[in-house]
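Please work through the following exercises with the sequence and the structure open beside you. Each task is followed by a solution that goes step by step.

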Amino acid sequence: MSKTSTKTAANRATTRAARAGLAACLLALSALPAAAEYRIGPGDTIEVTALSIPSFKQEATVSTDGTVMVPLLGDVPAAGLTVAELRQSLQKSLPAKAVRQRNSEGKESIAVLEPDEIGVRISKYQPVYLSGDVTKQGEHPFHPGMTVRQAIALAGGYNLLRFRMENPVVETANLRAEYDSTWASIQRESATIWRLKAIVAASRGDKSAPPPDAAPGSRATPAQKLAEQQLRVQMTDIAKEKDHLQRSLARTQTQFASLSEQQSKEKEGVTADAEEYDTVRALFQRGAVVTTRLTDARRAVLLSSTRALQTTVQLTQLERDKSEVGRKLERVDDVQAMDALEKLQVAENNLATFRSRLNSINDKLVYTGALRAQLLSGSRARATIAVFRQSGPAKTQIDAAEDTELLPGDVVEIALRPDPAMRGVGDGAGQN
């Protein structure tokens, strides 16, 4: 055998040995538990290589339909397979084949692609996604063995100031001012409600006004004292209006009685003038009186009848005025009660709104007070961690801890809760 043949055979043996060694290494890597457990999914980047053909190397991302582009084969199903299963699938689909390749000098050569030369690995995994109380929300790169703690570190750590993105020390002061303002509004609306209920009770003849939350006096709040003063002024005004209407009604009744008496006398005068006219006319017909005497009698009848008619008209107008004044007097209490009831409804709605706002501010004060105490003392907030993971067609939720290992594509939601031991520290919220 010639030296050239011997050398060629030795090179081939060396190449086969190298290929066998590489195949053994790839097989060993594929048998690792972590790689065997993970199945490729859309978004993973797959790298396909061949030992003897450096140009046969490509990275491609698994598409949403679960396929990946592989040289010489096109789109190949990959989603749901392990790395070892994908490599075995490619080895079956790519039998020994001669492949042309060009070197750096532009010369072409032919290389034989053997199935056991094909290598497959995941060069880039799907990212993991973090949301909630972390500094940087969104997607972050995944690496094998990543834990929740490491993902949080990539996201910049916990964000203790995420509440309104303000310093809890300053926020607590602002909330305290808002709390005091809302509490003052509640006292004001409560006093207004007491005043309006007292007006309604008085208009219905109930002399016992409903007691306020704190009886006006030395211990009453400024809002309650003001409500008592307003009630006295308003009740005095109502009493004055009633007194004015009653005096007007009395004057009208007096005028009506006087005109009624005058009307009776005028009716008697009309009757007497009519009788006198009849007597004069009879004498005139007999020629006993002159014409001027008859004219005077007729004029007297007309004058007395006109006065009687005017008195009747005045009596009718007084009757109408008396009815209107009486109706106004009757409606004073009704109008005051209706107006008070409308304002009472608005005040009660406002009171409910203020109370709801006060509860909300109180909860915020507890939260920011705990955060402030934790920041000042250097203690950590307690984190609630939930991992959402795609398991086949369904998505499962896992209650996780900081040492929980993640898989590519996991969505991690983090919610910080004040340490229960710190609740109520530094505020005194709700002390009012």
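**Exercise 1.** Over which residues, for which the model has 28 contacts beyond four places in sequence, does pLDDT stay under 50?

*Solution.* Begin with the nature of the coordinates: this is a predicted model, and the mean pLDDT of the chain is 78, with 74% of its residues at 70 or more. Over residues 212-218 the pLDDT is below 50, and this stretch has 10 contacts in the model beyond near neighbours in sequence. The stretch asked for is residues 422-432, where pLDDT stays under 50. Where pLDDT is low, the predicted coordinates should not be read in detail. As for the elements of the chain, the lowest mean pLDDT, 46, belongs to helix α2 (residues 33-37), and the highest, 92, to helix α4 (residues 148-154).

**Exercise 2.** Determine the strand order of the open sheet that contains β1, and describe what lies across it.

*Solution.* The sheet has 3 strands, which follow one another in the order β2-β1-β7 with antiparallel pairing. Its edge strands, each pairing on one side only, are β2 (57-61) and β7 (118-124). On average, neighbouring strands of this sheet are turned by 20° against each other, direction ignored. Next, follow one pairing in detail: strand β1 (residues 45-50) is joined to β7 over 6 bridges, and A50 has I118 of β7 as its bridge partner. Finally, helix α3 (residues 83-93) lies across β1 and β7, and runs at about 140° to β7.

**Exercise 3.** Identify the residues with the most contacts inside the largest nonpolar core, and trace the surroundings of L86.

*Solution.* The largest nonpolar core has 38 residues, and those with the most contacts inside it are I46, L86, L90, L130, L406, V412 and I414. Among the elements that give two or more residues to this core are β1, α3 and β7, and also β8 (128-132), β10 (382-391) and β12 (411-417). Turning to L86, and not counting residues up to four places away in sequence, one finds that it touches I40, I46, V76, P77, A78, L81 and V120. Another core, of 20 residues, lies apart from the largest one and includes I186, V200, A227 and A347.

**Exercise 4.** Is T182 buried or exposed, and which residues beyond its neighbours within four places in sequence is T182 in contact with?

*Solution.* First locate T182, whose place is in helix α5 (residues 168-203). Its relative accessibility is 3%, so T182 counts as buried, the cut-off for that class being under 20%. Leaving aside neighbours within four places in sequence, the contacts of T182 are with F354, R357, L358 and I361.

Conventions: Residues are numbered from 1 along each chain as its sequence is written. This is a predicted model: local features need pLDDT of at least 70, side-chain atom pairs count only at pLDDT 80 or more; totals for chains, interfaces and linings use all residues. Side-chain values use heavy atoms; hydrogens and water are left out. pLDDT is the predictor's confidence in each residue, from 0 to 100. Helices (H or I, at least four residues) and strands (E, at least two) are DSSP runs, numbered from the N terminus. Contact means heavy atoms within 4.5 Å. Two strands pair if DSSP finds at least two bridges between them. Axes are lines fitted to C-alpha atoms, for helices over the stretch in contact, and angles run from 0 to 180 degrees between N-to-C directions. Buried means under 20% relative accessible area, exposed over 50%, partly exposed in between (1.4 Å probe, protein chains only). A nonpolar core is a set of buried Ala, Val, Leu, Ile, Met, Phe, Trp, Tyr and Cys residues joined through side-chain atoms within 4.5 Å.
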